[in-house]
Amino acid sequence: METAPHSPLAPRTSPAPRAPLVRAIDLTRRWGRGDAAQLGVDHVDLSLGSSELVAIVGPSGSGKSTLGALIAGIDRPTSGSLEVAGTRIDGLSRDRLAQWRGRHVGIVFQDFHLLPTLTARENVELAVRLADRSVGRRERRHRALDALAAVGLGDKAKRLPNQLSGGEQQRVAVARAIINRPPLIVADEPTGSLDQAAGHVVADLLAGLTDIGTTVVLITHDAELADGADRVVEMLDGRVHRHLAAGVDVTMSLPAMAVAS
Amino acid sequence: MSGMLRELRRAPARILTSVLALALAIGAIGVLAVPAVAASSLRAAGERDQIPQLVLTTTELGDDALAALAAEYEQRDDVIALEGQMATAIDVPDAGVVEVVGVDIGNQRVDVIDLDTGRLPATSGEVIASTRLVEAADVAVGDSIALANAGSNGAASTTIDVVGIGNSSYWTAEPVAFVALDDARAIAGSDGYNRVVLTSPSSSTDDLRALADELRADLGAAGVTVTTLPEVIPAGQHPIEEDITQVSVMIGFLGIVAGIVALVLLASTTNTLITERTREAAVMGALGARPRALRRRLRRIAMTIAIAGLLIGIPLGIAVANVIARLVLQEFVGVTPGLAVSIPVIVGSVLFALIGARLVSARAARRVTKAPLAESLRDRDGNPFGRRWSERLLARVRVGGLRARIATRNGWHRRARSVAIAAQITAAIAALMIVASMATTINDFNAAESEPWNWQSQTVVAGSGLDIDRSIADDRSEVAIDTIGLYDDWEIDVRGLAADTEMIDRQVTVGAWFADDRDAVVSEGFASRVGIDVGDRIEVEVASGTTSYDVVGLHRERGRSVFVPTATLATDLGQPEAGNVLFSLDEEPAATPDGIVITDRFTDLTDDEASRNAILLIFGAIGVVVVSVAGLAVASGLAVSVYERRHQVAAMQAIGARRGDIRRIVLGELLPLAAIGIAAGLALGYVGALGIARSFEAADAVEIGFTYATGAIPVAVAVVLFGCVALAAVVVRQVGRRTLAETLRTS
């Protein structure tokens with residue numbers, strides 16, 4: 001596919017760094033204190049490379065979403081260090097962290113979280129506006145339309161979220177996540193609210209992003225979705241239980257998830 | 001109770017804000033109880049002290065004449081008791097003008113002194129001081145008061161000893177020394193009485209006036225002249241009740257504005273709380289709950305808030321009404337009232353809150369229960385943006401940046417809340433402008449009231465008659481007459497002046513200044529309100545009876561005045577060569593009349609701001625309540641608005657929005673509403689303040705005028721803008737308390 005230089009699906013011009021894109025050391029997220037304390041992530045060490053499609057799996061309450069939120073910078077660790085794309089994000093101020101998120105990470109939520117008052121194009125355009133104020137209105141609009149075209153929604157740019165199906169809304173969310181061409185995409189149960197067909201479309205979209213040098217972290221309990229990952233990290237009780245390499249049949253390795261899926 | 005606590009746990013800040021706003025509003029509405037509270041205290045005191053129904057001031061009336069009069073009149077069914085008094089005004093250094101009132105101490109049946117502390121006078125030179133005299137002269141029981149300036153005739157330069165402190169309802173607003181009759185006569189240099197007071201069971205003003213006419217005729221037959229217009233106080237009333245009612249009703253209107261603002265807030269809060277339960281209601285509906293029962297359950301939220309507001313607001317309202325009544329009565333009457341409660345106002349407040357809560361919650365409850373169950377169970381937001389054609393149309397408008405579009409579309413999406421916020425800002429600005437405009441108007445009225453006058457001092461002689469020989473005037477002074485009259489049931493000032501007087505600017509606005517004996521010039525504002533024109537003949541009742549004048553001109557003087565030639569008025573009053581006030585163009589008149597004289601300086605009189613400030617203080621306090629309620633309401637509305645969209649806000653932050661971005665979006669929503677609210681508030685403030693000024697004019701038939709406080713506009717605008725910026729910052733900070741992950745997860 002021919003892509004424009006600013007297209008979200010254009011290959012990265014700079015070579016991918018050799019250092020891991022995500023490096024978590026002794027990462028802990030705890031709520032509350034004393035006996036009432038709840039552990040979300042418990043002393044996790046994790047390293048993710050560039051252009052990897054990593055699935056984080058585990059049963060409910062295992063800490064996979066919390067780990068994803070920490071990596072995406074929408075939650076803060078209680079202790080430990082977290083370096084993403086060359087930046088220690090655990091110590092950033094709230095506004096610095098927001099700025100960092102806008103430029104370095106794209107997030108896809110299970111519930112889409114599109115702004116209901118903005119059209120599909122405006123939702124995508126907003127991500128550019130927030131990440132880089134120097135981008136002009138015309139360029140923003142072009143990039144938004146390109147991103148929507150890349151997810152197959154070029155003809156629905158003027159629709160409001162209320163006028164789109166669940167699958168289409170999630171594709172808008174993917175377009176919003178990739179428009180700034182971040183090195184990292186974190187997708188938390190991206191197919192959880194979609195039917196099977198729509199889920200496949202979204203899953204394929206996300207998997208394809210690794211081809212352009214983007215690291216994709218998929219948080220899922222869908223064994224089939226995890227099956228296509230380069231690497232699977234299984235969480236249990238807030239800790240990394242085990243790593244499964246590419247090619248392993250996740251459905252067989254994680255029978256409980258297979259049943260669930 | 002447990003239901004109330006359960007509701008409180010759901011959204012404590014929102015519910016407490018609504019409760020507080022409603023309680024404050026109910027408290028403010030409590031001001032409407034002030035007249036009842038004040039009247040109750042005044043009437044109770046009046047009944048206790050046998051306040052007179054008729055007061056006539058006279059020339060000297062001997063003991064025998066009074067005894068004969070009492071014997072005759074006390075036989076009548078419409079008279080209970082008739083007594084004489086001797087009252088003289090004297091100047092006390094550092095305490096001002098003090099009335100020395102001589103009564104038959106210990107044997108009074110009319111205008112009885114209620115002794116607070118000490119004892120009744122037993123010997124000559126002992127007095128009972130009124131509370132006002134105690135305050136003015138700073139004395140206590142056992143102290144002495146020197147009566148300086150006790151007359152150029154040297155009749156009564158003396159010292160009096162305070163042996164008791166007490167008041168009578170009639171004199172309660174004045175600094176008074178109650179003394180034995182002989183002492184008062186010695187001070188005044190008289191052997192008789194100069195006041196006739198009587199009590200009557202009649203509550204009819206007309207009957208009492210007829211009685212006064214008979215009494216005046218009988219006094220005239222005995223060679224005694226009535227020197228001022230008879231004072232009529234219908235049984236069961238107090239003379240200042242009407243004034244208190246007028247001011248309280250005006251202030252009560254501000255309370256009602258606060259109440260309406262609070263109801264708008266209640267509507268907004270309950271609407272949100274009920275809408276949030278759309279899915280809960282749908283689940284219950286799916287399980288078989290009847291819509292009617294569901295609606296009742298949903299409406300309970302508003303009723304809970306209303307009941308909580310009443311529980312706080314009613315005691316607050318009782319306290320506010322009693323504090324204001326106490327302030328007004330102490331300031332104007334010197335009475336300290338006991339605690340009183342107005343049942344009608346309490347019942348009205350309860351109905352206002354409960355019916356208001358029922359009404360404001362009914363629509364939301366009906367909407368939630370009418371929505372299709374399947375839709376409600378599936379969709380948390382029962383009203384997503386884009387469902388209406390106007391929203392779809394708005395989504396196609398690409399004016400402004402993305403933030404502006406978000407703000408505009410959100411504002412349109414939640415139109416009811418936007419209107420509520422704009423209305424609340426309108427109420428706040430209107431209240432600010434009404435209070436400021438009333439202050440400006442009253443200030444300007446006071447300045448305009450004294451503007452036409454040129455005299456620098458006025459000297460009167462103690463006593464109530466025309467006691468000044470007009471021949472003492474020189475080229476810098478003039479002996480005039482200032483007396484109370486009655487025209488068409490309006491109490492007016494009848495002012496006798498020379499045709500070539502220099503004490504007032506004689507420039508008239510219509511017609512000419514008087515030249516002939518029966519000519520009169522009337523205050524223009526009063527004339528227009530009661531329908532007097534140049535060329536009319538007016539009948540005025542004065543102390544001696546009814547007399548008539550031909551109106552030849554209208555004057556800009558702001559009071560209810562009729563200016564007539566001094567000689568004519570003096571003749572009408574039965575003393576052709578006399579007057580009762582010596583006006584001078586100097587601060588000290590060159591010659592002073594015989595008797596105990598009191599000289600007031602023009603500047604001292606115009607500087608008396610105490611009563612004006614008391615009214616403004618009360619207006620200001622209620623204005624602050626309205627602004628507080630409106631501020632709470634706007635803050636709550638904005639907080640709810642942002643809270644409802646917390647997931648959107650978190651999503652924006654997740655994709656890179658900083659707090660400043662969110663703040664600007666919130667401000668983008670709020671500022672246009674603030675602009676609308678400011679514009680509407682300025683207009684409403686103008687209309688409201690003008691209405692209050694006009695109603696004062698209608699009630700008093702004087703030309704108060706109206707000055708819109710344009711100087712307050714920048715302050716009001718700045719307050720609103722600063723409030724908006726501060727609110728936006730606080731609200732965004734509140735929303736950002738939870739981590740983004742938590743907020744997004746709980747959607």
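These are my notebook entries on a predicted model of two chains, A and B.

**Entry 1: the two chains**

I began with the overall make-up of each chain. For chain A I noted 9 helices and 10 strands, and I found that buried residues account for 52% of its 261 residues. For chain B I noted 23 helices and 22 strands, with buried residues making up 51% of its 747 residues. I also looked up the extent of chain B, and its C-alpha trace spans about 100 × 55 × 45 Å along the principal axes.

I then turned to contacts between residues at least 6 apart in sequence. In chain A, 69% of such contacts join residues at least 24 apart, and in chain B the corresponding figure is 84%.

**Entry 2: where the chains meet**

I next asked how many residues of chain B are in contact with chain A. The lookup gave 27 residues of chain B, set against 30 residues of chain A. On the side of chain B that touches chain A, I listed α14 (402–413), α20 (646–654), α21 (659–700) and α23 (740–745), each of which supplies at least two residues. The largest share, 6 residues, comes from α14(B). I sorted this side of chain B by class as well, and recorded 12 nonpolar, 9 polar and 6 charged residues.

**Entry 3: helix α3 of chain A**

I looked at α3(A), residues 120–131, and checked its length first. At 1.5 Å a residue its 12 residues should span 16 Å, and its end C-alpha atoms are 18 Å apart, which agrees. I then asked whether the helix is enclosed or open; 12 of its 12 residues are buried, so α3(A) is largely enclosed by the rest of the structure. Charged side chains are on that list too, since the buried residues include Arg121(A), Glu122(A), Glu125(A) and Arg129(A). Against what do these residues pack? I found α2 (94–104), α4 (137–150) and α5 (166–178) of chain A, together with α14 and α21 of chain B.

**Entry 4: helices α20 and α2 of chain B**

I returned to α20(B), one of the helices that contribute to the side facing chain A. Of its 9 residues 8 are buried, so α20(B) is largely enclosed by the rest of the structure. The buried residues run from His647(B) and Gln648(B) through Val649(B), Ala650(B), Ala651(B), Met652(B) and Gln653(B) to Ala654(B). After the helix I noted Gly656(B), whose phi is positive, near 120 degrees.

For comparison of spans I also took α2(B), residues 12–29, whose 18 residues reach 25 Å from first C-alpha to last, close to the 26 Å expected at 1.5 Å a residue. I recorded α2(B) as mostly covered, with 15 of its 18 residues buried.

**Entry 5: the nonpolar core**

Which residues touch the most other members of the largest nonpolar core? Among its 306 residues, I found Leu218(A), Val261(B), Val626(B) and Val629(B). Helix α15 of chain B, residues 415–450, gives the most to this core, with 19 residues. I followed Val629(B) further and, not counting residues up to four places away in sequence, found that it touches Ala21(B), Leu24(B), Ala25(B), Ala258(B), Val261(B) and Ala262(B).

**Entry 6: strand β18 of chain B**

I traced the partners of β18(B), residues 545–555, one by one. Strand β15(B), residues 508–511, runs antiparallel to β18(B) and is joined to it by 3 bridges, with Val510(B) opposite Leu554(B). Strand β16(B), residues 519–523, pairs with β18(B) in the parallel sense over 5 bridges, and here the bridge partner of Val522(B) is Leu554(B). Strand β17(B), residues 537–542, runs antiparallel to β18(B) with 6 bridges, and Glu541(B) stands opposite Thr546(B). A hairpin through 2 residues joins β17(B) to β18(B).

**Entry 7: a loop proline**

Last, I looked up Pro589(B), which is found in the loop between β21 (581–584) and β22 (597–601) of chain B. Is Pro589(B) buried or exposed? I counted 24 other C-beta atoms within 10 Å, and because 20 or more make a residue buried, Pro589(B) is buried. Leaving aside neighbours within four places in sequence, I found Pro589(B) in contact with Ser457(B), Thr459(B), Ser477(B), Leu582(B) and Ser584(B). I also noted that Pro589(B) and Gln456(B) are 133 residues apart in sequence, while their C-alpha atoms are 9.2 Å apart in space.

Key:
Residues are numbered from 1 along each chain as its sequence is written. Chains are lettered from A and ligands numbered from 1 in the order in which they are written. This is a predicted model: local features need pLDDT of at least 70, side-chain atom pairs count only at pLDDT 80 or more; totals for chains, interfaces and linings use all residues. Two residues are in contact if their C-beta atoms, placed from the backbone, lie within 7 Å. Helices (H or I, at least four residues) and strands (E, at least two) are DSSP runs, numbered from the N terminus. A nonpolar core is a set of buried Ala, Val, Leu, Ile, Met, Phe, Trp, Tyr and Cys residues joined through C-beta atoms within 7 Å. The expected span of a helix is 1.5 Å times one less than its number of residues. Two strands pair if DSSP finds at least two bridges between them.
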